[in-house]
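Please open the model in your viewer and keep the sequence panel beside it. The stops below say what to select next and what can be found there.

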Amino acid sequence: MRTLLITGPGGSGRTTLAAATALAAAARGTDTLVLGTDPTDTLGAALGVPTGPTPVEAAPHLTAWRPDPARDFRGDLTALQDRAASALDLLGAARLDPEELTPLPGAEELALLRALRDAALSEKHGLLVVDLPPVPQALALLALPGELRRYLRRLLPPERQAARALRPVLGRLAGVPMPAEWLYETAARWDRELAAVEAVVADCDTVVRLVAEPGPAGADALRTAGLGLALRGLRTDLVLANRVLPEASADTWLAGPVAQQRKTLDAWRESHDVHTVAHLGRDPRGGEDLTALAVPGPGADAPAVQWPVTDRLREDGVLVWHIPLPGALRDELDLVRRGDELVVTAGRFRRVVPLPSALRRCTVAGAALRDGELRIRFAPDPKLWPQSR
């Protein structure tokens, strides 16, 4: 199953183009599922068919689905109370009824991640189109599974679960109760679920499609999105330049906006594969308008993002790790080595990445940003590096 994640700045028309992309794929006979995230059902407005927690057929070969975060949150918390029933009874705590539960911050993001995982693993469709939130929230959402897994491993290391037989003894020695079995079981289940979402996002059949309106604001947003996606190692297939005005127009007041759009498009084409979507003169609504936008379905597979390590031991005595960061600024870059991990900060984005095995036996010897690529030099640590005779 191929997965197409669509995002862009707020107000760029990304939901409309997500619906148009899904409809174009369905028109070619591909069984397609489009997943909406907006609680106000902008996806349903674009398709002309109301969407909700129950999948609906929006067109031949096209299914639309908008998960309900409140229902998922109630189900999760109720299940958690069931697992912790003995502890709650010991504390004399009163359990919460599902009817009185309202979603907490973050429930919407977790519901979307679960829906993304379930849809990708269902094997019912050949294409999954996901209407993600605006760029900043989308990038944070895509980073969430990896970050949560890292927190779980730090707070409840799996290797400690192996010592379950020793927990009563350790509890008496420490004078405090050890974590209960259900806690480790819950952490392990969450880790498996998050790992499944991570696998979908990192899969070779998953690409990101960016939507932006050509202009100064769209150019800034596209530059920021490109940097954030590169740091996450995510691939893009197209940039959809939305609401492009006609070049030949009798309205003289359009000359300025048309020239501004033309300048932005020329700059975008230097670094992206750009597809222009004409302005219809109205807000697109329904299948006919979406078809008139002529948005392409998924194209050829985008090349995988590579972070190669080159061996320059003989020439310079170092190994060089190449990390593509298009649009990064030298003054906004920061690197911190933490054990076998490297914390990379680029502008407003940060990622903790594990070091390749060869680099774990090295020390950081310097870094440089050249032509949109971060090159980190590692020198072998004599204490850890095998010595040649």
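Begin by selecting T206, which is found in strand 6, and bear in mind from the start that the model on the screen is a predicted one. Is T206 buried or exposed? With a relative accessibility of 5%, T206 counts as buried, because the cut-off for that label is a relative accessible area under 20%. If you now display its surroundings and set aside residues up to four places away in sequence, you will find that T206 touches T3, L5, V200, V201 and R235.

From T206, widen the selection to the whole of strand 6, which covers residues 206-212 and is one of the elements that supply at least two residues of the lining of the largest pocket. The others to colour along with strand 6 are helix 6 at 135-155, helix 9 at 181-202 and strand 13 at 349-354, each of which also supplies at least two lining residues. How much space lies in this pocket? The volume of the largest pocket comes to about 840 Å³, and to find its centre you can select E198, R232, R351, V353 and P354, which are the closest to that centre among the 32 residues that line the pocket. Which element gives the largest share of the lining? That is helix 6, with nine residues. If you colour the lining by residue type, it divides into 16 nonpolar, four polar and 12 charged residues.

Stay with the pocket and select P354, which is found in strand 13 and is one of the residues closest to the centre of the largest pocket. P354 counts as exposed, its relative accessibility being 54%, because the label applies over 50%. Leaving out residues up to four places away in sequence, P354 touches W321, D340, E341 and R360. You may also draw a distance from P354 to R338, where the C-alpha atoms lie 9.5 Å apart in space while the two residues are 16 apart in sequence.

Another residue closest to the pocket centre, V353, leads to the next stop, since a line drawn between the C-alpha atoms of V353 and V343 spans 6.5 Å although 10 residues separate the two along the chain. V343 lies in strand 12, which runs over residues 341-346, and a relative accessibility of 14% places V343 among the buried residues. Apart from neighbours within four places in sequence, V343 is in contact with D334, L335 and V336, and also with R350, R351 and V352.

Next, move to L121 in helix 5, which counts as exposed at 54% relative accessibility. Here a distance to A196 is worth drawing, as the C-alpha atoms of L121 and A196 are 8.9 Å apart in space while the residues stand 75 apart in sequence.

A short step along the chain brings you to E123, placed in the loop between helix 5 (107-121) and strand 5 (127-131). E123 is exposed, with a relative accessible area of 72%, and its backbone deserves a look, as phi is near 65 degrees, a positive value in a residue other than glycine. What is the sign of phi at D41? D41, likewise not a glycine, has a positive phi of about 60 degrees, and to see this residue you should go to the loop between strand 2 (32-35) and helix 2 (42-47). D41 counts as buried at 14% relative accessibility.

For the next stop, select the cysteines C204 and C362, and ask of each whether the residue is buried or exposed. C204 is exposed, having a relative accessible area of 55%, whereas C362 counts as buried at 3% relative accessibility. How many disulfides are there to display? The count is zero.

Finally, zoom out until the protein chain fills the view. The chain has 13 helices and 15 strands, and buried residues make up 43% of its 389 residues. The surface that the chain exposes is about 20800 Å², of which carbon and sulfur atoms supply 55%. Among the contacts in the chain with a separation of 6 or more, 68% are between residues 24 or more positions apart.

Conventions
Residues numbered from 1 in each chain as written. Predicted model: local features only at pLDDT ≥ 70, side-chain atom pairs only at ≥ 80, totals over all residues. Heavy atoms only, no water. Disulfide = S-S within 2.5 Å. Buried < 20%, exposed > 50% of the residue type's maximum accessible area, 1.4 Å probe, protein only. 1 Å grid on protein atoms, 1.4 Å probe; cavity = no way out; pocket = protein on both sides within 12 Å on 5 of 7 lines; lining within 4 Å. Points joined across faces, edges and corners; volume = space filled by probe spheres on them. Helix = DSSP H or I, 4+ residues; strand = E, 2+ residues; numbered from the N terminus. Nonpolar A, V, L, I, M, F, W, Y, C, P; charged D, E, K, R; others polar. Contact = heavy atoms within 4.5 Å. Areas by Shrake-Rupley, 256 points an atom, 1.4 Å probe, with all protein chains shown as cover.
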